[in-house]
Amino acid sequence: MGFKNNVLVFLIISLLISCSKRDSKFDDSQVFRYNQHANLTTLDPAFAKDLRTIWATTQLFNGLVQLDDSLHVQPAIAKKWSISEDGKSYEFTLRKDVKFHKHSLFGKDSTRNVIAKDFEYSFHRLIDPKVASPGKWVLDYVDEFHAKNDSTFVIQLKSPFPPFISLLSMQYCSVVPKEAVDFFGSDFRANPIGTGPFQFKLWVENIKLIFRKNPLYFEKDEEGNQLPYLEAVSTTFLPDKQSEFLQFIQGNSDFLNSIDNSYKDNILTSKGKLQEKYSDKINMVTGPYLNTEYLGVYTDAKEKETNSEKIRKAMNYGFDRVKMIQYLRNGIGTPALNGFIPKGLPSFNFMEGYTYQPEKAKKLIQEYISETGNKNPSITISTNSQYQDMCEFIQREMQKIGLEVRVDVMPPSTLREQKVNGKLSIFRGSWVADYPDAENYLFIFHSKNFSPNGPNYTHYKNDEFDALFEKSIHTTNTNERHALYQKMDSLLMSSAPVIPLYYDEVVRFTHKNISGLGINPTNHLFLKRVKKSK
């Protein structure tokens, strides 16, 4: 570590000691510690587009509603709401006991209550072109919104959109105080003031981030005890995952949320269980993650092979997903033997998808050769280094069925750029849900969303699919909507513009003295109910 970083760390330690002396109630054994291997660029919820920023802003901010660990929408600052019969008008009744974090900007009392006008301001800010929030799309279905009075906020949609209430749980829709944004301007990113269970204390970028308990927080537990239980949250930014793992094993952090090739065999058995040597020190929990890992096929590519449905289906039948997950992922993840919609969503399609059938795959390849005269069909799969082993596994399996495969490894930024611009015939991709509704997985195959202007990177086009999609987003009956989602998923799989690899899993490791962390399919980090015993 260089001189500059040593000075910064010394200043952090000095500040923490100073804070502890001023606050005799501070208990450093009640600090929850975790590492982010990627740096944060903002603490402004209007820019919470990635998981690491969502984790941080979740501790600092609240919106109208929130999701529980089962992905059910629950009250937050809105204590109740009603939806009109036509599904277009939402009226929220706000709590009257929610206060912003203490700050001198609020005058004599150093705080004030949140009112409906604050949401009106925050939503206008979200869609303001000058702000350029990546989350402005959340309000695309909204016609208008206004504060009816201090405790009532009304949103009017252009047309019914049943998943809308789930969208409002996203951090983009958090309430922020106009006073703070006006005062700090663009520096609000590093001076966040919200209503959340923790409040901002210190951020030395790329080194340390510290939040302290918010004594004014409005939520209580089932026994009436005020949340949160912890005194503080401390985040480090070690970029190396092996170092992150060692810090956790040595007890210097409380939580680990990743599996990396550098240490997966150290902590997990080949069947995805915790190694016996850690069983008395560490808790491990797993659950579905709303993330589908896949190979996408650009159907407008010049290569005849990728334009062939037979080749795409042969690829789907031609490799053993169960074996791949067991040996390359230590059993973490569910082989994608159904559709594109992942496990963890109520509309998950239990259809029979593509299982390992090498003879069927060989037959499809031979049919393609007979029809085209191309005796040596070949394809290129583009990926980044993190998934190189998986793509090389598929490469070997494809060669067995008569399909030559070249694996092209490139930096993640290059992969993204070339994927968006249609320069890759087959690419390794992930689709993580922004909100818990299968519409989130199906809109990326609507023909109106062709890249580069939308996320339909495969350029899949099917008129029946488009018609079902348009119908589904206006269907307010949940069961009917889910049936439409499943029909679309089946249509997609029958054309095979994607080769689903696996449905991901959330894996969380904590030390035995941590409780109340929970686990959820969006892999969001909720710390307000976490307890840490001494």
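Where does A132 lie? A132 is in the loop between α3 (116-127) and β6 (142-149). I start there for its backbone. This is a predicted model, and in it A132 has a positive phi of about 60° although it is not a glycine. Most residues other than glycine have a negative phi, and most peptide bonds are trans. A132 counts as partly exposed because its relative accessibility is 48%, between the limits of 20% and 50%.

N523 also has a positive phi, near 55°, and is likewise a residue other than glycine. N523 sits in the loop between β18 (514-515) and β19 (531-532). Its relative accessibility is 5%, so N523 counts as buried.

Next, the cis peptide bonds. One runs from L227 to P228, with omega near 0°. P228 belongs to the loop between β9 (208-213) and β10 (232-236). A cis bond also joins S451 and P452, and there omega is about 10°. The loop that holds P452 is the one between α14 and α15.

T458 is in the loop between α14 (439-442) and α15 (463-472). Is T458 buried or exposed? T458 is buried, because its relative accessible area of 3% is under the 20% limit. Its side chain makes a polar contact with the side chain of N456, at 3.1 Å. Leaving out residues up to four places away in sequence, T458 touches G296, V297, Y298, T299, D300, F427, F445, P497 and V498.

Now the interior. In soluble globular proteins, nonpolar side chains tend to be buried together. Here the largest nonpolar core has 130 residues, and those with the most contacts inside it are L64, F92, F123, I155, L168, M315 and F340. Helix α16, residues 478-495, gives the most to this core, with six residues. Another core lies apart from it, of 12 residues, among them F248, Y263, I282 and F509.

F340 has a long contact list, again without residues up to four places away in sequence: T292, Y294, W431, Y441, I444, F445, D489, L492, M493, V498 and Y503. F445 and V498 are among the residues touched by F340, and they are also among those touched by T458.

Last, the charged pairs. How many salt bridges are there? The count comes to 26. I will go through a few.

K178 and D182 meet through their side chains in a salt bridge, 2.6 Å from N to O. The two are four residues apart in helix α5, residues 178-184, so about one helical turn separates them. K178 is partly exposed, with a relative accessible area of 40%.

E231 forms a salt bridge with R212, the closest N and O atoms being 3.8 Å apart. This pair links distant parts of the chain, 19 residues apart, with E231 in the loop between β9 and β10 and R212 in strand β9. Both E231 and R212 are buried. P228, the residue after the cis bond from L227, is in that loop between β9 and β10 too.

D504 and R329 form a salt bridge at 2.9 Å, N to O. Strand β17, residues 498-511, holds D504, while R329 is in the loop between α10 (321-328) and β13 (334-335), so the pair ties together parts that are 175 residues apart in sequence. D504 is buried, and R329 is as well. Finally, R33, D254 and K532 are joined into one network by salt bridges that share partners.

Methods. Residues are numbered from 1 along each chain as its sequence is written. This is a predicted model: local features need pLDDT of at least 70, side-chain atom pairs count only at pLDDT 80 or more; totals for chains, interfaces and linings use all residues. Side-chain values use heavy atoms; hydrogens and water are left out. A nonpolar core is a set of buried Ala, Val, Leu, Ile, Met, Phe, Trp, Tyr and Cys residues joined through side-chain atoms within 4.5 Å. Buried means under 20% relative accessible area, exposed over 50%, partly exposed in between (1.4 Å probe, protein chains only). Contact means heavy atoms within 4.5 Å. A polar contact is a pair of N or O atoms within 3.5 Å; within protein, one must be able to donate a hydrogen and the other to accept it, and residues adjacent in sequence count only if both atoms are side-chain atoms. A salt bridge is a side-chain nitrogen of Lys or Arg within 4 Å of a carboxyl oxygen of Asp or Glu.
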